[in-house]
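User: I would like to go through this model term by term, asking each time what a label rests on. Please set each value against its definition before concluding.

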Amino acid sequence: MFYYTLANFGPKYRSKLAAVCLLAIVNAKYVKKYGIEHILEPIIKDINILHGGSIMTVNGIEKIVFGKVLVCAGDTLGQHLWGGYKEGVGFSIHKCRTCYCLFLKMQQEFLEEALVLRTQVRYNKECEEIENAPTDAVRSDLCTTYEVIQIVNIVFAPVINDETVTFLRELIAKHLAKFKELFPDKNIIPKQHYLLHIPAKRHQMFECCNFGDSSKNLSSHPLFATDKRCGVVTKASTDQNRYNSKKMWRVNEHGRLYAQGNPLSHDLRLLIINKIINNGGNRATGIFHGKYTDIARQLGVSSAVVSNIWKRYCEDGSISPKKNTGGTPSHLSQGDLQYVEFLKQQKPTITYDEIMQQLHEFGDLPYGTTSTTALSEAVRHRLPSGKEYSFKKLNIVAQERFTLQNMAYTQLFIDYLHEKDPYTLKFFDECGLKLPQHASRTYGHAPIGERAIELQRYAETPNTTVNLMCSLTGVDYANTVNGSADTIDFLRFFEEAYHSENPRTARPVLEPGSVIVMDNCATHHNQGGQILQEFLNDLEIELVYMPAYSPDFNPAEYVFGKMRTVMKYSFGNNTDITVAQCIQNMYTSLELISPSDMKGFFEVTGYLQV
């Protein structure tokens, strides 16, 4: 049985039984026969439609309704089935779904830091080992050893801070140790062992979920999507407490959980020292004939951390981390911080020097009291909203994209192309090719997990225009125009493409049955568009225009992205480059676009199935 509830209701209404709705009922034997994906396929299609927005009539008024999956929750067996894994864990060597703890170690270790956590990288490696196993017997043994499942213990809390998490971790450790003391003949069962991971999960879920604003659309949880995150509910009374409550738990490449900015615990440092001494380390001489990497691998830390802790212990006998010293106190007032966040929200590309000028003119900041470094630290960690800002690629979004008419056409466009054979689709687009010395701002600040978006007027003229047509086989044809392209250049491109062959398939670029997709640039419509339409009709080729201001629907945009990346690393910091050299490098970079690249570019659009 599958149920659902709407998460953007207030807790007062969401917690009622009436808010839980029945979604589907299916016999267990049909789940095993056909698979859960096949059974839920109609529901998933509806969710995908809601993801892009669906027009509905509410009280006689047409509205665009959005929706996303936030959490998929269930009991252990249900979650294992949902994730595509073996339902039972009784015969697993690693019985914990979150770490690689053996049953014997469950009876001895009561701190999460002493365990190695499961990660996506490790899981992918284990799956690869299973697929490449030489015999069925080895493959079966690996499947049992590498039992793994996505996290199902999703716990929400309105307010939580580091002190609470630390206290909870210590409380759980004392509870398990006391249990073994009172009942030495009893084993720590997996469900008791799972307690070790609850503090970190509570903290992680708090960082990612917010139901405070019921007017917002559902947001994707980071366990199910990677591009967006929700806000955070916090009631910290001071800026410092708000910053402390925002420290995020992460998993390093070795599978260990850590909080950025927090040193390793005293117990783990002592464990590192003891392991080095037990393996022949000499504090007096500082000599250790073993390998730091071996100890680091056992404890899930880097070899550099092990080396630094050992060197400090040999120097002064201390196991504690070094304290940070120095620094200048911040002179930014609460009003200054509010003004800084307002400036960054209005214009993510604004520089620290420009912010400093605004603060001197309109804020409370005296001249010469705060550096740009201190301002940068405040933007990343101390703004009043509690959000941490990072520097990222700038997304410039046109407001005209979200008109009701364009949204309706967008849905029709997606539905139409979704039914087409993807190998018949050919996408056309242009881009401006600038020399390195004519770069523009493409990065800005925004909260971590959110995109940096800035509304701008697009009124720049590129040095050279690149016209390109691509498909699943790669780049079919490309040419360049000195300056901006006009209608004549636009039609000349298709004339040249008509007489050209695909460099990979040796077939004509323009074949009957193809579908050419392009944006709504002015040169693509009017007289030029009419001439092209007549030309393509004679070739039995269909022409489809994209929704307005929707470049993310065009795989050619991602082709240009890889092209620019390759050119950037080819040029380096060299600014003494001619236009001819730039164009030659452009053609070389386009040759590196492989069919596997194009498959990824098609899939990342979100509506093209390959």
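Analyst: The questions and answers below take up helices, burial, aromatic pairs, strands and backbone angles in turn. This is a predicted model, in which local features need pLDDT of at least 70 and side-chain atom pairs count only at pLDDT 80 or more, while totals for chains, interfaces and linings use all residues. Residues are numbered from 1 along each chain as its sequence is written, and side-chain values use heavy atoms, with hydrogens and water left out.

User: How do you know that the length of helix 16 agrees with what is expected?

Analyst: Helices are DSSP runs of H or I with at least four residues, and strands are runs of E with at least two, both numbered from the N terminus. The expected span is 1.5 Å times one less than the number of residues. Helix 16 (residues 334-346) has 13 residues and should therefore span 18 Å, and its end C-alpha atoms lie 19 Å apart, which agrees.

User: What makes the buried residues of helix 16 belong to the same side?

Analyst: Buried means under 20% relative accessible area, exposed means over 50%, and partly exposed is in between, with a 1.4 Å probe and protein chains only. In helix 16 the buried residues are D336, L337, V340, E341, L343 and K344. They cover an arc of only 160° around the axis, and therefore lie on the same side of helix 16; the arc is that of the directions from the helix axis to the C-beta atoms.

User: Which residues of helix 20 are buried, and what do they pack against?

Analyst: Helix 20 (residues 487-498), with 12 residues, reaches 17 Å from its first C-alpha to its last, close to the 16 Å expected. Its buried residues are D489, F490, F493, F494 and A497. They cover an arc of only 140° around the axis, which puts them on the same side of helix 20. These buried residues pack against strand 8 (425-433), strand 11 (464-471), strand 12 (474-482), strand 13 (515-518) and helix 21 (526-538), where contact means heavy atoms within 4.5 Å.

User: Why is T464 called buried, and which residues is T464 in contact with?

Analyst: T464 lies in strand 11. Its relative accessibility is 4%, so T464 counts as buried. Leaving aside neighbours within four places in sequence, T464 is in contact with C431, G432, L433, T480, V481, G483, V579 and I583.

User: Why is the pair of Y477 and F493 called tilted?

Analyst: Rings of Phe, Tyr and Trp (its six-membered ring) pair if their centres lie within 6.5 Å; planes under 30 degrees apart count as stacked, over 60 as edge-to-face and the rest as tilted. The structure holds 16 aromatic pairs. One of them, F288 and Y292, is tilted, at 5.4 Å centre to centre with 40° between the planes. For Y477 and F493 the centres are 5.3 Å apart and the planes stand at 50°, so this pair is tilted. Y477 lies in strand 12 and F493 in helix 20, so the pair ties together parts that are 16 residues apart in sequence. Both Y477 and F493 are buried, and F428, Y477, F490, F493 and F494 form one aromatic cluster.

User: Why is F288 called buried and Y292 partly exposed?

Analyst: F288 has a relative accessibility of 12% and so counts as buried, whereas Y292, with a relative accessible area of 23%, is partly exposed.

User: What makes strand 9 and strand 10 edge strands?

Analyst: Two strands pair if DSSP finds at least two bridges between them. Here 3 strands form an open sheet in the order 9-7-10, with mixed pairing. Strand 9 (443-447) and strand 10 (452-453) are the edge strands, as each pairs on one side only. Strand 7 (residues 389-395) pairs with strand 9 in the antiparallel sense over 5 bridges, and K393 stands opposite Y443 in strand 9.

User: Where does N526 lie, and why is N526 called exposed?

Analyst: N526 is placed in helix 21, and its phi is near 55°, a positive value in a residue other than glycine. With a relative accessible area of 55%, N526 is therefore exposed.
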